[in-house]
Amino acid sequence: MKCTNKAAKLSAVFAAATALAMAVPAYAFADEGGGIEAILPKMNEFIPMLVAFIILWIILAKFGWPIFDGMLVKRENTINEALKKSEEAKIEAERTLAEYQKQLADAKAQAAKVIADAKETGEAVRADITKQAQDEATAMIEKARIAIEAEKKAAISDLQGSIADISVDVASRLISTDLSDAEHRAIIERYINEAGSFHAN
Amino acid sequence: MPTNRLVVKEQIATYTQLLFEAARNDGGQEGVLQVVVQAEEIVKAMRGNADLDGALKDPGYTPEQKATLARNVFEGANPALVSVIALMAERGELDYLPRVVEGLVDNMASKLNLMIVDVTTAVELDDHLRDLIKKKAATELGKDIVLNERVDKSILGGIIMSTKDERIDASLLTQVEKTREALKK
């Protein structure tokens, strides 16, 4: 609003100066002589023009220049402020960029760490599973070996028992059928002589 | 039947003394020996025959019926032994009989210096073997020895000698069983 008023005042000053210049009488160039006089100003024209110029200059200096200067200063301030804001925005943008870059770097580092941790955890889990599977396999093999060994021992023991039973049964039958009474008595006599004491049992 | 231990012991001692004196008065050493052998057989018979054992101890019979039953069952045995067993059956004290027999054996050893050795063989003994066994047992036990012979072919061969407290098992059956166990190890 203030700027509009100053523009209106400046317009009014220009209008007044123009009117003053228009009010001063001007001579036609048809009456001018030849030679150097053709380019030199005539005093009766020069003085009013000079006066008008001075008045115009004074008026402009008095009323126009401050407005114009104010506009320039304002424009300068506006530009400076815009530049300052731009600089601040730039700084802020750079700061934000740096922050984003830092966050990005942190995120990348964190992601790398998460990946590394996950990889490490995965390796550990894989190692555990592998070890557990190996242990279970070893235990199963050991159990199977023990079971086989037990079965083998049981089979051998059964076989030994069967052989012993058969052998002893055969021997018993041979003894009971083949020995004569005299042989029995000979055995009895030998046992009586070789047998231990009553008190030893 | 009394349950007091001392009373029972006294009663067993009374039966033992009664039977021992009756047997000795009746037949001397041979009579005692006969009574001991027969009493041992009767104990074995009662242990192996649940019907006989149950009948002699059946509370459904009167004491007189039990005594009569005992006399009839053991009719052929030594009269003194039959009388004592009938008395024990009448009084419901036949469970004491094994301990009475043990007492008789002890009395025979202490009062007659006589000991019975049970001999089990697969064949009959001859006199030579009897003398051999008697000498061995007399030497070791310090008593006069009477053999109670038994033939049992299940022992396969050899000899088993036993007294009340000691036993020598030199039978082939035992040797065979030991061999069987050794082979199985």
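Helix axes here are lines fitted to C-alpha atoms over the stretch in contact, and angles run from 0 to 180 degrees between N-to-C directions. On that basis, helix H3 (residues 63-73) of chain B and helix H4 (residues 79-90) of chain B pack at about 150°, their axes 7 Å apart. The model is predicted. The briefing covers this helix pair, the sheet of chain B, and the contact between chains A and B.

**Helix pair in chain B**

- Angles over 145 degrees count as roughly antiparallel. H3(B) and H4(B) are therefore roughly antiparallel to each other.
- Their crossing is right-handed.
- H3(B) contributes B:Pro63, B:Glu64, B:Lys66, B:Ala67, B:Leu69, B:Ala70 and B:Arg71 to the contact. From H4(B) come B:Val82, B:Ile85, B:Ala86, B:Ala89 and B:Glu90.
- By class, this contact between H3(B) and H4(B) holds eight nonpolar and four charged residues, with no polar ones.

**Sheet of chain B**

- Four strands form an open sheet in the order E2-E1-E3-E4 (chain B). The pairing is mixed.
- E2 and E4 of chain B are the edge strands, each pairing on one side only.
- On average, neighbouring strands are turned by 20° against each other, direction ignored.
- Strands of a sheet pair through backbone hydrogen bonds, either parallel or antiparallel.
- The parallel sense appears between strand E1 (residues 114-121) of chain B and strand E2 (residues 144-151) of chain B, over eight bridges. B:Val117 stands opposite B:Leu147 in E2(B).
- The antiparallel sense appears between E3(B) and E4(B), over five bridges. There, B:Gly158 has B:Ser171 of E4(B) as its bridge partner.

**Helices lying across the sheet**

- H6(B) joins E1(B) and E2(B) in a right-handed β-α-β unit.
- H6(B) also lies across E1, E2 and E3 of chain B. H6(B) runs at about 130° to E2(B).
- A helix of the other chain lies on this sheet too: helix H3 (residues 181-194) of chain A lies across E1, E3 and E4 of chain B. H3(A) runs at about 45° to E3(B).

**Contact between the chains**

- Chain B gives 27 residues to the contact, and chain A gives 25 residues.
- On the side of chain B, the elements that give two or more residues are helix H6 (127-141), strand E3 (158-162), strand E4 (167-171) and helix H7 (172-184).
- H6(B) supplies the largest share of that side, seven residues.
- The side of chain B that touches chain A divides into 14 nonpolar, five polar and eight charged residues.

**Helix packing between the chains**

- Helix H2 (residues 43-178) of chain A packs with H7(B) at an angle of about 160°. Their axes are 8 Å apart.
- H2(A) and H7(B) are therefore roughly antiparallel to each other.
- H2(A) passes H7(B) in a right-handed crossing.
- The H2(A) side of this contact comprises A:Gln160, A:Gly161, A:Ala164, A:Asp165, A:Ser167, A:Val168, A:Ala171, A:Ser172 and A:Ile175. They meet B:Leu172, B:Val176, B:Thr179, B:Arg180, B:Leu183 and B:Lys184 in H7(B).
- The residues of this contact divide into seven nonpolar, five polar and three charged.

Methods: Residues are numbered from 1 along each chain as its sequence is written. Chains are lettered from A and ligands numbered from 1 in the order in which they are written. This is a predicted model: local features need pLDDT of at least 70, side-chain atom pairs count only at pLDDT 80 or more; totals for chains, interfaces and linings use all residues. Two residues are in contact if their C-beta atoms, placed from the backbone, lie within 7 Å. Ala, Val, Leu, Ile, Met, Phe, Trp, Tyr, Cys and Pro count as nonpolar, Asp, Glu, Lys and Arg as charged, and the others, Gly among them, as polar. Angles under 35 degrees count as roughly parallel, over 145 as roughly antiparallel, 65 to 115 as roughly perpendicular and the rest as oblique. A crossing is left-handed if the near helix is turned anticlockwise from the far one by less than a right angle, and right-handed if clockwise. Two strands pair if DSSP finds at least two bridges between them. A crossover is right-handed if, with the strands pointing away from the viewer, the path from the first strand over the helix to the second runs clockwise.
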